[in-house]
Amino acid sequence: MPGNGLRPPAPTKRAHRWVTIACALGLTLVLGTASVAALSAADRSRTSTARFANAEASWTPWCGHRSWSRATCGYPRPWTSGTPGEPTTETPATPSATPTDEPATPGPTPPPEPTATAPTPTGPAEVITGCAPDPSSCGYPDASTTGVPEGTELVRVPQDARSGDGWHYDERGWIEVDQTGATLSGISTTRSVNITASSVTVQNSRIIVSGEDFGIAVRHADNVTLRNNDIAGPASSGPTRLMNGIKDIYSDSANLQVIGNDISNTACGVQTDQGLIEDNYIHDLAFTGDDHVNGTTSNGGSRPLTIRHNTIFNPQDQTDAVSLFQDFGPQNNRVIDDNLLAGGGYTIYAGANAGKESSATNISVTNNRISRVFYPKGGFFGYATAYTTSGGNSWEGNVWDDTGDPIPAP
């Protein structure tokens with residue numbers, strides 16, 4: 001103080017600290033007021049919560065799943081994506097409506113980033129793929145579900161039996177079924193079965209025939225049922241292969257039912273222009289000379305023909321697994337549905353021969369699975385040919401067996 005020769009006492013460290021804080025707060029208030037004044041009225045009215053909601057709404061569908069952070073997907077976090085000039089860190093919370101006199105905490109803390117959790121799948125139902133190696137695992141016919149039922153006792157014809165109700169062994173070398181309503185069941189033979197009467201059933205039998213012959217021939221007979229038989233040639237290819245497993249010889253029968261048979265080592269599995277071919281396993285097709293190799297084939301006709309839920313594998317590079325040809329007439333009223341198919345030159349010939357497209361009508365090719373187990377295109381040349389969209393025809397629901405991808409109309 002003046003007059004005593006002593007200096008005023010030096011301010012303490014605590015006094016310095018309070019002075020520093022007071023100055024800093026005053027400077028913050030001045031700068032803060034200027035910054036707020038610089039914002040437009042519209043920006044001031046937009047709360048942190050609104051900005052957060054707007055940013056959320058701009059997320060992409062996948063990265064926008066709420067269990068993913070935007071940073072995980074390479075987007076800026078919502079709380080850093082404001083209008084240029086605005087603060088780059090804001091707390092996404094609704095501000096209090098009641099002002100307080102307490103000083104704001106310097107440096108607002110961003111909210112914790114959400115925990116990244118794998119999203120729950122919401123896509124379409126899984127598509128079954130790859131049925132060809134084990135057809136029955138997908139519900140398609142194979143050796144385990146077709147042919148002679150396991151445990152069936154078979155009688156050899158002609159060695160152990162030469163006749164029965166409605167049938168007999170013909171000494172010229174075949175088995176004749178010539179009585180209306182007859183049933184031939186539980187035999188084993190290396191001779192053809194010739195059906196010349198209507199309402200006949202051949203079932204639970206093993207028929208192994210060689211060469212230029214038929215396993216079962218239907219001649220001028222209606223309402224014939226062929227069920228759960230093994231029909232084959234003794235070798236996969238060469239002169240001992242069987243020419244036809246089942247054939248409607250004159251193409252004049254009606255209501256032929258071919259169900260649940262195991263047919264192999266034949267140049268043609270089933271040849272008919274009408275009836276039902278269902279739940280059969282036709283495989284290991286064979287050839288010799290100038291054979292045309294067919295799983296099932298028709299040469300023309302208008303009486304309904306349905307080929308449904310069969311497994312048909314033709315390892316040869318010709319001709320088909322399923323074919324509709326117009327050799328002897330138009331192709332009308334055909335259904336090729338829910339089959340597992342592979343191989344041939346083309347896997348499916350769909351009835352519209354070149355120049356005869358207008359004669360192919362009411363042909364439905366739907367829900368089939370085509371396998372590339374033999375050839376990259378399904379068949380050697382492709383999966384299908386001879387299809388026309390006119391005439392009430394349809395091609396829908398057909399897919400590749402290994403991927404489940406849709407197959408367009410050829």
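Glycine 211 stands opposite leucine 242 in strand 13. In this predicted model, that residue pair belongs to a parallel pairing in which 5 bridges join strand 10 to strand 13.

**Strand 10 and its neighbours**

Strand 10 covers residues 211-218, and 6 of its 8 residues are buried. Besides its pairing with strand 13, strand 10 is joined by 3 bridges to strand 7 (residues 192-195), and these two strands also run parallel. Within strand 10, alanine 217 is the bridge partner of asparagine 194. In a regular strand, side chains point alternately to one face of the sheet and the other.

**The chain as a whole**

The secondary structure amounts to 3 helices and 30 strands. The chain has 410 residues, of which 43% count as buried. Among contacts with a separation of 6 or more, 66% are between residues 24 or more positions apart.

One open sheet contains 10 strands in the order 1-6-9-12-15-18-21-24-27-30, with parallel pairing. Its edges are formed by strand 1 (155-157) and strand 30 (399-400), each of which pairs on one side only. Inside this order, strand 6 (residues 187-189) and strand 9 (residues 206-208) pair in the parallel sense over 2 bridges. There, serine 188 stands opposite arginine 206 of strand 9.

**Threonine 266**

Threonine 266 is part of strand 16. With a relative accessibility of 0%, this residue counts as buried. Leaving aside residues up to four places away in sequence, threonine 266 touches Leu242, Met243, Gly245, Asp284, Leu285 and Ala286. Leu242 is also the residue that glycine 211 stands opposite in strand 13. The C-alpha atoms of threonine 266 and serine 237 are separated by 8.2 Å, although the two residues are 29 residues apart along the chain.

**Salt bridges**

The structure holds 10 salt bridges. Side chains of opposite charge can pair when their charged atoms come close. Three of the pairs are set out below, with the N to O distance for each.

| Salt bridge | N to O distance |
|---|---|
| Glutamate 278 and arginine 308 | 3.7 Å |
| Arginine 308 and aspartate 337 | 3.9 Å |
| Aspartate 402 and arginine 372 | 2.9 Å |

The side chains of glutamate 278 and arginine 308 meet in a salt bridge. Glutamate 278 lies in strand 17 (residues 275-278) and arginine 308 in strand 20 (residues 305-308), so this pair ties together parts that are 30 residues apart in sequence. Glutamate 278 has a relative accessibility of 18% and therefore counts as buried, the limit for that class being under 20%. Arginine 308, at 31% relative accessible area, is partly exposed.

Arginine 308 also forms a salt bridge with aspartate 337. Because arginine 308 is in strand 20 and aspartate 337 in strand 23 (residues 331-337), the pair ties together parts that are 29 residues apart in sequence. Aspartate 337 counts as buried, with a relative accessibility of 14%.

The salt bridge between aspartate 402 and arginine 372 involves residues outside the strands. Aspartate 402 lies in the segment after strand 30, and arginine 372 in the loop between strand 27 (369-371) and strand 28 (382-385), so the pair ties together parts that are 30 residues apart in sequence. Aspartate 402 is partly exposed at a relative accessible area of 39%, and arginine 372 is partly exposed at 29%. Elsewhere, Glu212, Arg241 and Asp291 are joined into one network by salt bridges that share partners.

**The second largest pocket**

The volume of the second largest pocket is about 230 Å³. Its lining consists of 15 residues, and those closest to the centre of the pocket are Cys268, Gln271, His292, Asn294 and Thr297. By type, the lining residues divide into 4 nonpolar, 6 polar and 5 charged. Strand 13 (242-248), strand 16 (266-271) and strand 19 (294-298) each supply at least two residues of this lining. Strand 13 is also joined to strand 10 by 5 bridges, and strand 16 is where threonine 266 is found.

How values were computed:
Residues are numbered from 1 along each chain as its sequence is written. This is a predicted model: local features need pLDDT of at least 70, side-chain atom pairs count only at pLDDT 80 or more; totals for chains, interfaces and linings use all residues. Side-chain values use heavy atoms; hydrogens and water are left out. On a 1 Å grid over the protein atoms alone, a cavity is a set of points where a 1.4 Å probe fits but cannot get out, and a pocket is an open set with protein on both sides within 12 Å along at least five of seven lines; lining residues have an atom within 4 Å of a point. Grid points are joined across faces, edges and corners, and a volume is the space filled by probe spheres set on the points. Helices (H or I, at least four residues) and strands (E, at least two) are DSSP runs, numbered from the N terminus. Ala, Val, Leu, Ile, Met, Phe, Trp, Tyr, Cys and Pro count as nonpolar, Asp, Glu, Lys and Arg as charged, and the others, Gly among them, as polar. Two strands pair if DSSP finds at least two bridges between them. A salt bridge is a side-chain nitrogen of Lys or Arg within 4 Å of a carboxyl oxygen of Asp or Glu. Buried means under 20% relative accessible area, exposed over 50%, partly exposed in between (1.4 Å probe, protein chains only). Contact means heavy atoms within 4.5 Å.
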